[in-house]
Amino acid sequence: MQLGVYLHCPLIQKNIHMKERNIQFKYFIYESPEELPDEDLALLTLARKTMENAYAPYSGFRVGAAVLLEGGEMLAGTNYENAAYPLGACAERNVLAAAHAQHPDKAVLAIAIAVQNDKMEIVEPAAPCGGCRQNILETERKNNHHIRIIMHGESGPVYVVEKGADLLPLAFDETYL
Ligand code: THU
C-alpha cells in the first residue's frame, strides 16, 4: 500500500513515544436484590416504588432513582418525558438536582436505579446514560464524596459500582474551565 511505503521511509520517520494506558474498573454482581446489604436494598426498594410514578408515555421506559444522603435521608425521582421529546429528563438527573436544592450541604452517598419497560421485561440492570454519568460525577466532585451506584432491571442480577467516576473515565470536568 502506498501509505505503508511512505511511513517506512527512514528519512521522514517520526519519533513516536506512544504509550498505552489501561483503565480498569470493577463492579459487583449480586444475584438478586435480597442479597444486597440492607442499606442498598432499602434504597433500591424506594427507587422501584417511585418508578411506578414515572411519566414515560412516549418511551414506555420507566426509571426510578433514589439517593441516600449524608445523615440517612432518602429522596427519589423518576424520568419525566415531554411531547417535545428532547425536553424529557432522566430520573437520575432529576433526583440529583432535587437533592442539591433541598440539601445543598449534604453529600450524596449512593444512588439506586430501577427500570421497567412496558414493552418487554428488562432482565439486566440498565446503567445510567452518558449525560447522567456526567451529572453523577459532577455531584461527586461538588461534594467531594464517592457515590455508590446500585442498578437493577425488572428481574435478574443487581450491579453495584463503587463510584460514579468509574463509569466515566477521561471525563470532562471543571478543571478545564
Ligand atoms: N432515562 C433515564 O431516566 N435515565 C437514564 O439513565 C437513561 C434513560 C429515561 C429517559 C427517557 O424518559 C427514557 O428513559 C427512555 O430513554
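This tour moves through a predicted model, from the ligand to selected residues of the chain.

**Stop 1: the ligand and its surroundings**

Select the ligand first, and then display the residues around it. The surrounding residues are Ser59, Phe61, Val63, Asn79, Glu81, Cys90, Ala91, Glu92, Pro128 and Cys129. Sorted by class, this shell holds six nonpolar, two polar and two charged residues. The space that the ligand takes is the largest pocket. Two elements each give two or more residues to the shell, namely strand S2 (61–69) and helix H3 (91–102). Colouring S2 and H3 will make their place beside the ligand easier to follow.

**Stop 2: polar atoms at the ligand**

Next, show the side chain of Asn79, where a polar atom lies 3.0 Å from an oxygen atom of the ligand. Then turn to Glu92, where a polar side-chain atom lies 2.8 Å from a nitrogen atom of the ligand. For Cys129, display the backbone instead, as a polar backbone atom of this residue is 2.9 Å from an oxygen atom of the ligand. How much of the ligand's accessible area does the protein cover? On its own the ligand has 370 Å² of accessible area, and the protein covers 75% of that area.

**Stop 3: Arg62 in strand S2**

Remain with strand S2 and select Arg62, which lies in this strand. The side chain of Arg62 has two contacts to inspect. In one, a polar atom of the Arg62 side chain lies 3.2 Å from the backbone oxygen of Ala54. In the other, a polar contact of 3.2 Å joins the side chain of Arg62 to that of Asp118.

**Stop 4: two buried strand residues**

Now select Ile150, which is found in strand S5 (residues 148–152). Is Ile150 buried or exposed? Ile150 counts as buried because its relative accessible area is 0%, and the term applies to values under 20%. Add Leu43 to the selection: Ile150 and Leu43 are 107 residues apart along the chain, and their C-alpha atoms are separated by 8.6 Å.

Continue to Val160 in strand S6 (residues 158–161). Val160 has a relative accessibility of 0% and therefore also counts as buried. For a second distance, select Lys14 together with Val160. These residues are 146 residues apart in sequence, and from C-alpha to C-alpha they are 45 Å apart in space.

**Stop 5: two exposed residues with positive phi**

Select Asn144, in the loop between helix H4 (130–143) and S5. Although Asn144 is not a glycine, it has a positive phi of about 55 degrees. The relative accessibility of Asn144 is 72%, so the residue counts as exposed; the cut-off for that term is over 50%.

Move on to Leu170, in the segment after S6. Leu170 is not a glycine, yet it has a positive phi of about 55 degrees. Its relative accessibility is 81%, and Leu170 therefore counts as exposed.

**Stop 6: two partly exposed loop residues**

Select Gly88, which lies in the loop between strand S3 (74–78) and H3. Why is Gly88 described as partly exposed? The description applies because the relative accessible area of Gly88 is 34%, and partly exposed residues fall between the cut-offs of 20% and 50%. Draw a distance from Gly88 to Glu140: the C-alpha atoms of these residues, 52 residues apart along the chain, are separated by 24 Å.

The last selection is Phe25, in the loop between helix H1 (2–7) and strand S1 (27–30). With a relative accessibility of 38%, Phe25 counts as partly exposed. Which distance separates the C-alpha atoms of Phe25 and Leu167? The separation is 8.0 Å, while the two residues stand 142 residues apart along the chain.

Definitions and conventions. Residues numbered from 1 in each chain as written. Predicted model: local features only at pLDDT ≥ 70, side-chain atom pairs only at ≥ 80, totals over all residues. Heavy atoms only, no water. Near = heavy atom within 4 Å. Polar contact = N/O pair within 3.5 Å; in protein donor to acceptor, adjacent residues only side chain to side chain. Areas by Shrake-Rupley, 256 points an atom, 1.4 Å probe, with all protein chains shown as cover. 1 Å grid on protein atoms, 1.4 Å probe; cavity = no way out; pocket = protein on both sides within 12 Å on 5 of 7 lines; lining within 4 Å. Sits in = over half its atoms within 2 Å of the grid points. Helix = DSSP H or I, 4+ residues; strand = E, 2+ residues; numbered from the N terminus. Nonpolar A, V, L, I, M, F, W, Y, C, P; charged D, E, K, R; others polar. Buried < 20%, exposed > 50% of the residue type's maximum accessible area, 1.4 Å probe, protein only.
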